[in-house]
Amino acid sequence: MSTETAAPGPATADPGPVTGPATTGRSRRRTVKRVLGIGALALALAAGGGYLWLSSTATVHNTGNPDCMAVTPTDAPAGAHRQVCSTLADMTAAWGRGDADAYGAVFTEDATYTTYVGTHYQGRRDIAEGHAALFDGFLKGTELADSYLGIRFYGPRTAIVTTRGDTYEGSPEKPDELSKTQTYTLVRQDDGPWRIAAFHNTRRQKVMERVSFLFDPDTRPRAEK
């Protein structure tokens with residue numbers, strides 16, 4: 001009796017990875033995500049570089065004079081220029097000492113005070129109390145820096161002083177670039193000392209200013225041309 005062994009059949013080929021519409025779709029989505037990611041990164045780098053360029057080229061020509069008495073006032077009554085500068089010097093010194101009462105004392109009783117963030121104080125007491133908190137808080141130990149752009153007198157009892165200004169700390173030297181533009185309205189009441197009746201502070205947005213000048217050069221002030 002013989003036993004027959006079946007001959008082995010042909011080897012089955014390895015079908016390899018299965019591909020189909022689902023696999024192809026996932027691959028395409030990954031490719032699209034990579035392309036979008038690279039594009040977003042390129043745009044971010046371009047935007048960052050553009051911002052840095054705008055910031056570095058946003059220069060100011062009219063930087064003012066740090067010496068109040070060196071600025072030539074318009075229509076100043078006799079002795080008024082020195083008295084106005086003295087009042088502003090007293091304000092700066094009080095800030096440097098962190099003395100809120102002395103700081104408030106250079107303002108009139110009904111003075112208004114608007115900060116660059118839009119906070120609006122009304123009256124000497126409000127100004128002094130607000131700055132007492134500031135001097136004990138995030139403005140503690142800071143100094144004031146001012147550079148005078150102009151001093152104009154309107155009659156014997158009113159003066160408008162415009163400055164560039166900023167706060168600084170940790171260095172005996174004032175900052176080279178002052179980030180704010182400030183307007184002081186000073187008055188003299190009943191032949192007494194000059195006091196600040198209104199103060200308004202604006203932060204300079206130098207990149208936006210630069211964009212404005214690039215798109216429309218006619219918006220540039222004469223002093224900056």
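**Notes on the predicted model, starting from Arg195**

1. Setting aside residues up to four places away in sequence, Arg195 touches Thr87, Ala105, Val106, Phe107, Thr108, Thr185, Leu186 and Val187. Keep in mind while reading that this is a predicted model. Arg195 itself sits in strand β6. With a relative accessible area of 23%, Arg195 is partly exposed, since the buried class ends at 20%.

2. One of those neighbours deserves a second look. A polar atom of the Arg195 side chain lies 3.0 Å from the backbone oxygen of Ala105. Along the chain Arg195 and Ala105 are 90 residues apart, yet their C-alpha atoms are separated by 8.3 Å. That fits into a wider pattern: if you take contacts between residues at least 6 apart in sequence, 55% of them join residues at least 24 apart.

3. Now the overall layout. The protein chain has 5 helices and 6 strands. Reading from the N terminus, the order is α-α-α-β-β-α-β-β-β-β-α. The chain has 225 residues, and 30% of them count as buried.

4. Which residues have the most contacts inside the largest nonpolar core? They are Leu88, Tyr103, Phe107 and Ile196, in a core of 31 residues. Elements giving two or more residues to this core are the helices α2, α3 (100-105) and α4 (124-136), along with the strands β1 (107-114), β3, β4, β5 (180-188) and β6 (194-203). The top contributor is α2, with 7 residues. As background, nonpolar side chains in soluble globular proteins tend to be buried together.

5. Leu88 is a handy residue to click on if you want to see that core. Leaving out residues up to four places away in sequence, Leu88 touches Tyr148, Val161, Tyr184, Leu186 and Ile196. Leu186 is also on the contact list of Arg195, and Ile196 is another of the residues with the most contacts inside the core.

6. Helix α2 in a bit more detail: α2 has 18 residues and spans 26 Å from first C-alpha to last, close to the 26 Å expected at 1.5 Å a residue. Its buried residues are Ala80, His81, Val84, Cys85, Thr87, Leu88, Met91, Ala94 and Trp95. For reading that list, recall that an α-helix has 3.6 residues a turn, so residues three or four places apart point the same way. After α2 comes Gly98, with a positive phi near 70 degrees.

7. How many disulfides does a search of the whole structure find? The search turns up 1 disulfide, formed by Cys68 and Cys85 with their sulfur atoms 2.0 Å apart. The torsion about that S-S bond is about -75 degrees, so the disulfide is left-handed. Cys68 belongs to the loop between α1 (21-57) and α2 (80-97), while Cys85 is in helix α2, so the pair ties together parts 17 residues apart in sequence. Cys68 counts as buried at 7% relative accessibility, and Cys85 is likewise buried at 7%.

8. Helix α4 is the other one I'd go through. α4 has 13 residues and reaches 18 Å from its first C-alpha to its last, close to the 18 Å expected at 1.5 Å a residue. Buried in α4 are Ile127, Ala128, Gly130, His131, Leu134 and Phe135. The cover over these buried residues includes α2, α3, β1 and β2 (120-122).

9. Between α4 and β3 there is a loop that holds Thr142. Is Thr142 buried or exposed? Thr142 counts as buried, at 5% relative accessibility. Its side chain reaches the backbone oxygen of Leu139 at 2.7 Å. Apart from residues up to four places away in sequence, Thr142 touches Trp95, Gly96, Thr167, Tyr168 and Glu169. Trp95 is also one of the buried residues of α2.

10. Last, the β3/β4 hairpin. Strand β3 (residues 143-153) is mostly covered, with 8 of its 11 residues buried. β3 and strand β4 (residues 158-168) run antiparallel, joined by 10 bridges. One of the pairings puts Ile151 opposite its bridge partner in β4, Val161. Val161 also appears among the contacts of Leu88. The hairpin has 4 residues between the strands, and Gly155 takes a positive phi near 80 degrees there.

How values were computed. Residues numbered from 1 in each chain as written. Heavy atoms only, no water. Disulfide = S-S within 2.5 Å. Buried < 20%, exposed > 50% of the residue type's maximum accessible area, 1.4 Å probe, protein only. Pairing = 2+ DSSP bridges. Core = buried A, V, L, I, M, F, W, Y, C linked by side-chain atoms within 4.5 Å. Contact = heavy atoms within 4.5 Å. Expected span 1.5 Å × (residues − 1). Polar contact = N/O pair within 3.5 Å; in protein donor to acceptor, adjacent residues only side chain to side chain.
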